[in-house]
Structures are given as structure tokens and as C-alpha cells.
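Colleague: I have a model open on my screen and would like to learn how to read it. Could you take me through it feature by feature?

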Amino acid sequence: MMMELMPVWLQAGAGNPLREFLLENILTGLSEAWRPLVADLLTWSLTCALIMGIVQVTMLYCTLLERKFVGRIQDRIGPNRVGYWGLLQPFADMVKMLTKEDITPAVAHRSVYNLGAILVVPPAIMVFAILPLSLGLVASDLSVGFLYFISVASVVIVPIFMAGWGSRNKFALIGAMRAVAQTVSYEIPQVLSVVGVLLLAGSLSTGDIILAQGTVGSGAQASQGFPGGWFILTQPIAFVIYLMATTAEVERTPFDIPEAESEIIAGYHTEYAGIKFGLFQLSQYFMTIASAALGSVLFLGGWMSPFPGGLLQTLGPLNLGFFWMGAKTLLLILGFMWLRGTWPRLRSDQLMGFAWKVLVPLSLANLLITALLGWLLHGWWNASGAQGLGRSAVVVVAFLAANGLLLFGAMLGFGRLRAKGGRPDIRFEATGVGSSVEGAA
Amino acid sequence: MSQQTVVQLVFGVMAALSLGGAMGVVMARTVFVSALWLILSFVGVAGLYITLGAGFLAVIQVLVYVGAISVLILFAIMLTEDVMGDEHPNNGQVGLAIILLTPLIFLLGKWGFTANWPVKAAAILPRSGLSVDAATAAALPGALKTGDAFLVPDSVAYLGRVLMTEHFLAFEVVSVVLLVALVGAIVIARD
Amino acid sequence: MAMIPLWWYLMVAAGLFTIGLYGALVRKNAVSVLMGIELMLNAVNVNAVAFWRYVSPTAKAAAGADRPVGDFVVGMDGQVFAVVVIALAAAEAAVGLAMVIALYRSRRSFNLPQMDQLQG
């Protein structure tokens, strides 16, 4: 098993080397009643602090990376004045945010307005609790991990709503309503596309999902498990749907209609300035990183090495899981940035129609074929007869063929619908949010 | 201060959140603000589920109540009401309601406190180290197999199996109700 | 030994239920009434899960009339109740709010005292 292959550096709970170290060397003076409690508390705090530190530094440099990367796409250089290659730019931005005047509009609902900016960050931080940055480097590997992520991420809508309503600004209100309609709609294909993965992995826990993607043909997988390797090989359509829905969930271009500056100034954070505006940006970047990390956990094997046989998973005493997880997450984040640099913004009705008329049916169909194939094949892949690479290849080819058929059928079906009915008929009302009513209700 | 005190403290905080949020719902003047208090109350109830050892339900509570129902309520408020509140949000039944509800809460409290509930000595369920015997497996066809490791009650997999075997009818009826509600909501809202 | 007595949960649920009922009785606004009903449903759920945790294991173990359930298999009835109630609450909220929006379209208000067209 993979577990034995790699040293565990950090793992919350009993048996954690850090916890043992604390118990034996640091906390010797404490009474017996307190020692385990304090050790647990310290271990968890340190683990969480480590994860949060990594995530925050990533976040800071994501802003720089985005500006550089989009700059290159647009044939610009990007920030290069502060520090070598602009490396201190994030800190300059931070200082600017912090020193700006803190304004609360006179007509705003004071408490709701301020609470909206404050409450938008905690859920975006809390989602990292279940994301394993490496083997064992996870704050809490919950048995309901994926559901926890989705539910905490969905809480972010509430402060956005508070911001839009508390600002007493019609553009903020329209932006908030667009944000909510969009987020609620895209949550459905996002979850439905992942259900196929959950079915094949047989668990909601992120740790189990990664372990279920044991490297193809390495024999690292227990004989009971799913032999198909990374889920991107067997669930490519689900992966694409997940990426699209996630882009809409975190409100990034081309789905940044809630803050479309050419239409509604800046959406729900129109009235925010200084650090309060910074908090919204912070939350959005955190959610982008978290969604990319979840995507790499669900579809790209998380901290597993991409080479057969677990090659380069460890380097001497060092477990490279951390490196692989970071590389995969960065790859997805770069994908998001690439999208932002190249795609124009969609219209509100196109956006809602796309979620409900294309993504939801497609992800439901994908779930159906995944369940069918899994039901047909699981007896065979659990049987001990076929082993190793051959078994994996057959499963991957079967799933790929089914996905190809599904894609072909979908193109045929949607094409025919389009030819028959023309454009999707979604009416607009005077407020510009009428189309969302039907979506949400 | 022991582990028990900590758990009781957590319970206290969560109970205060849920009850305080509920009070906020009925006291706030603006519908929007009372919907925000409602969200606080839902979060408190989710915390109560965690103290009860029902982690799956806590997550579902946040997902459905906070992420969907509250948002739907906020959305309906934004679509319909003007953003300023109402000076008189209550009808003329406040006195009557208080007269009726005071005995109700008194009776509910007395009943809950004094009734002799058949609480199992600990309600502490064995957590591991047991396996299912053949007789039990036969009694719950499909839900458990002989030799299955003991499934802790917080297990999502176990809840799923029970939903698909013992409570299959309820599961199917709820699915149909949800579908009907979906279609009905679209038909009603589409004037 | 249980760390929290069962009746604590029952008290919280009783409080939630009463407050919810109060809200449903006194509010003019249809959406506020709906919020009161959601609070009541939550109270019921707290009760169901509390009884599942504290009472249900005994009941299952002691029963044994129709099934020889051992000491260690726990009934999930309380949790299943809660799941069903949550699903139905979602359906109720969707239909209720759709009705509120439809009413608002025709009436420009969602105060319940004004919805008296059927009164004789």
C-alpha cells in the first residue's frame, strides 16, 4: 500500500509524530489530565497554522502570478517595479489596501454592511480543513469531506447577499442577486459531476478519494479498489463540467457577471473600499485556490506522483506529495487565469441557460453511465483474475468509450434542439435579473 | 475543567446561537434582517447535531438550510419587498399568541424534563471492534452483511444503506415530492 | 455516561418550536411566517436526532420481537426522519416562495392580512 511507502510527517490525532514529540519532550510538566488535551490542541493548531501559512503565501503570489500571466497573454509585462521581477508587489498592494480610508456609506445599513465584508472570509478559510496538502498533512480528514467543502463554500453567498443589501446601492443589489442566482445554479452541476467520482471511490472523504486513484498499474491499489487510476481518465466529462461550474462558483471570467464592471460598476462590492474591498478579493482568491485544490484531489490524484509505480513519490526521507499537490493545483489555477485572459464575459441569460439546459442534463447523463458501467464492471475488477496494467487499461478504455458516446450524443441532441427551437428563450425583466427568478425558484 | 465541561460549553454556545437566532427572527423589524438571524439559528442547530454525533446531518443542515433555503428566502425578499423595513411587522395577535404559547412552553418543558425517557445508560454506542453476526445480517437484508465491521452510527455509508433498504419507501416518496415541488415551483413562479 | 443530559436538547427544541410558532402566529409578512415554520421544523429535527442518539439504541436492542437485533446495531430511524424532514422543508420553501413571488406579482404586497379575497 501507498501508506507504507511514505513516511508520515504530520497527521492529526493519535500516532502523530509531532504529538508524540510534544508529549515526551515539551509537555512533561503538566498533569496527566491535561497533557493529551494540550498535546492535541497544540498539534492541531500547528497543523492548521502550517496549512494556513502555505495557503496565504500561495494566495499572495497568486495575485502577482495572475497579473503577470494575464499581462503576458495581453502582450504586456505586468508589474515589475516593486522588488525584483515585481516580487514585492503583493505586499505593496496589501499596504495600499490597509492604509486606504475606511468608509461606510451614510445610507448603508451599518452592521449588515460591515458584517458582510467580515463574514465573507471565514468560510473561504474553513474549506481548507479537508484539503490534504500532502499525505497526512490535512487539518481534518472528515468522513463527509466533500459534502463539508460544498456546504461551507455555499455559505459564502450569504455575506455576499449582506453586502449587496447592506450597501443600499442598486448596482450592489443587482450584483448580489446575480451572484446568488449564478452560485445556486452552478452548485448543482458541480455536485452532480462529482457524484460519479464519489460512486467510483466509494467514499466522501478526500483522503479515501485520493487513495482510490492509486497510480495505474502500479499494484499499489488494494485488490478491492477501483483500478482506473486518476479519475480524469475515467471521468473526463465530469472533470470539464467541474471546471466550468467551479469557474462560475468563484465568479471568475468568463462567468464574472456579478461584478461585470461594464454593466454594474463592481457588483456587490461597489460600495466597499480599502481593506473591506480587500477582504472580498481575499475570499475570492481563497475560494479559487481551494476549488483548484479540490479539483486536483478529485480528478488528478491529489498528492500522488503522476508516474507509474509511485516513482518520485519520495526523495530520500522527503515525501514529495506536497510538491505534486502544489503542481497540480497550480496547473488548474493557471487554467483559470488562462480562461480569464482569453474569454469574453457571458450574458446573464446565457449563463443561467447554460447551467440548467446544458450542464445539469449532461452531468445527470454522466452520472447514469458511470453508475451503469460501475455496476456492470465492479464485479470484474474486484475479481482476482485480471490484474495490473491490463485490468486498468480495460476499465479506462470502457469509461472513455462511454464518455465519448455521451459527448457525441450530447452534441447531436443539443444541436438538434438548437436547430429546432433556435436560441434558448429566457425573458428579461426590467431589473435585468428576471431570468434568475425561474432558475432559483 | 474536564472533557465533559468542554462538551457542555460547546452545547451551551450552540443552544444560545440557535435560540438567540430564533429570537432575532421574531423580533427583527426588517424581513431581511430576520432572515439573517434565521441563518444564525440554523448554524446553531447544525452545531447541536455535531454534539449529538450526527456529523452528516450537520453538514446537510448547513448545505440545505443555510446554502439553499435561507438563500431562497433572501432572494424572495429582495425580489419583492422594498429594502426599507416595516414599522409594524406584526398583526394584532401578539397578546393572544403570548397567552397561548406561555403554557405551551411550560408544558413542553415540564414534559421533557420529568418524563421517564428510556435513555440507554450511556447512549454511548460501541465504536469499533465488533462485527455483525449472521442473524443480524439476515434481519436486515442488504443493509449489513455477515462479517461486516461494526458501522459507527455517524457513518455515511451506513445511513445510505439504511435509506436504500429499510427506509426505501420514504426515500422514494421524498424524491417524488421533490420533483413535484420543483415542477410546481417553476409553474407557479412563471405567471 | 452521557455528557449532556437528554432534557437539555428537549428544552432547546421546545424553545425553538415555541419561538417559531410565535413567529408564524404574529407576523403579517408571508415570508416571515415561512421562517417561523422553518424554525418549528428545525425544532422537530433536533428532537428526532436527540432521541435517535439517546433512546433509539435501547429500543432496538430491547425489541427483538420481529428481529433479533444485537446490542450493537443501531437503528438510524431518527437520522432518517431528520433527512426526510430537511428534504421536505426544501420542497416546502421552494413552493412557498414561488407562491409568494406569484402573489406579489398580482398584489404588489405579501402581507397576509391583505390576502382575503376568499373571505365571505
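**Reading the model, feature by feature**

Modeller: Happily! Let's begin at the end of a helix: just after H4 of chain C, C:Arg108 takes a positive phi of about 60°. Keep in mind throughout that this is a predicted model.

Colleague: How many residues does helix H4 of chain C have, and what span should they give?

Modeller: Each residue of a helix adds 1.5 Å, so the 31 residues of H4 in chain C (77-107) should span 45 Å. The C-alpha atoms at its two ends are 43 Å apart, which agrees.

Colleague: Thanks. What does the overall make-up of chain A look like, in helices and strands?

Modeller: Chain A has 18 helices and two strands. Of its 441 residues, 53% count as buried. Looking at contacts in chain A with a separation of 6 or more, 75% come from residues 24 or more positions apart. The accessible surface of this chain is about 19400 Å², and carbon and sulfur atoms account for 69% of that.

Colleague: Is helix H7 of chain A enclosed or open?

Modeller: To judge a helix, count its residues that have under 20% relative accessible area. In H7 of chain A (residues 145-155), 11 of the 11 residues are buried, so the helix is largely enclosed by the rest of the structure. Among them are A:Phe146, A:Tyr148 and A:Phe149. These buried residues pack against helices H6, H8, H9 and H14 of chain A, together with helix H3 (55-80) of chain B.

Colleague: Since you mention H3 of chain B, is B:Ser70 buried or exposed?

Modeller: B:Ser70, which lies in that helix, is buried, with a relative accessible area of 1%. Leaving out residues up to four places away in sequence, B:Ser70 touches B:Ile39, B:Phe42 and B:Tyr65.

Colleague: And on the outside, which residues make the nonpolar surface patch?

Modeller: A:Leu88, A:Phe91, A:Met94, A:Leu98 and A:Ile275 make a patch of about 440 Å². Helix H4 of chain A (residues 89-99) gives the most to the patch, with three residues. Here is the general idea: an α-helix has 3.6 residues a turn, so residues three or four places apart point the same way. A:Leu88 lies in the loop between H3 and H4 of chain A, and is partly exposed at 45% relative accessible area.

Colleague: How many salt bridges are there over all chains?

Modeller: Look for a side-chain nitrogen of Lys or Arg within 4 Å of a carboxyl oxygen of Asp or Glu. By that rule there are three over all chains. One of them joins A:Glu66 and A:Arg340, at 2.9 Å from N to O. A:Glu66 is in helix H3 of chain A and A:Arg340 in helix H15 of chain A, so the pair ties together parts 274 residues apart in sequence. A:Glu66 is buried at 3% relative accessibility, whereas A:Arg340 is partly exposed at 39%.

Another links A:Lys276 with A:Asp102, their closest N and O atoms being 3.2 Å apart. A:Lys276 is in helix H14 of chain A and A:Asp102 in the loop between H4 and H5 of chain A, so this pair connects parts 174 residues apart in sequence. A:Lys276 is buried at 8%, while A:Asp102 is exposed at 53%.

Colleague: Last one: which elements of chain B have the lowest and highest mean pLDDT?

Modeller: pLDDT is the predictor's confidence in each residue. Helix H5 of chain B (residues 134-139) has the lowest mean, 51, and helix H2 of chain B (residues 31-51) the highest, 90. For chain B as a whole the mean is 76, with 74% of residues reaching 70 or more. Over residues 121-133 of chain B, pLDDT stays under 50, as happens over residues 140-154 of chain B.

Conventions:
Residues numbered from 1 in each chain as written. Chains lettered and ligands numbered in written order. Predicted model: local features only at pLDDT ≥ 70, side-chain atom pairs only at ≥ 80, totals over all residues. Heavy atoms only, no water. Helix = DSSP H or I, 4+ residues; strand = E, 2+ residues; numbered from the N terminus. Expected span 1.5 Å × (residues − 1). Patch = residues over 30% accessible without salt bridge, like charges linked within 9 Å, V, L, I, M, F, W, Y side chains within 5 Å. Areas by Shrake-Rupley, 256 points an atom, 1.4 Å probe, with all protein chains shown as cover. Buried < 20%, exposed > 50% of the residue type's maximum accessible area, 1.4 Å probe, protein only. Contact = heavy atoms within 4.5 Å. pLDDT = per-residue confidence, 0-100.
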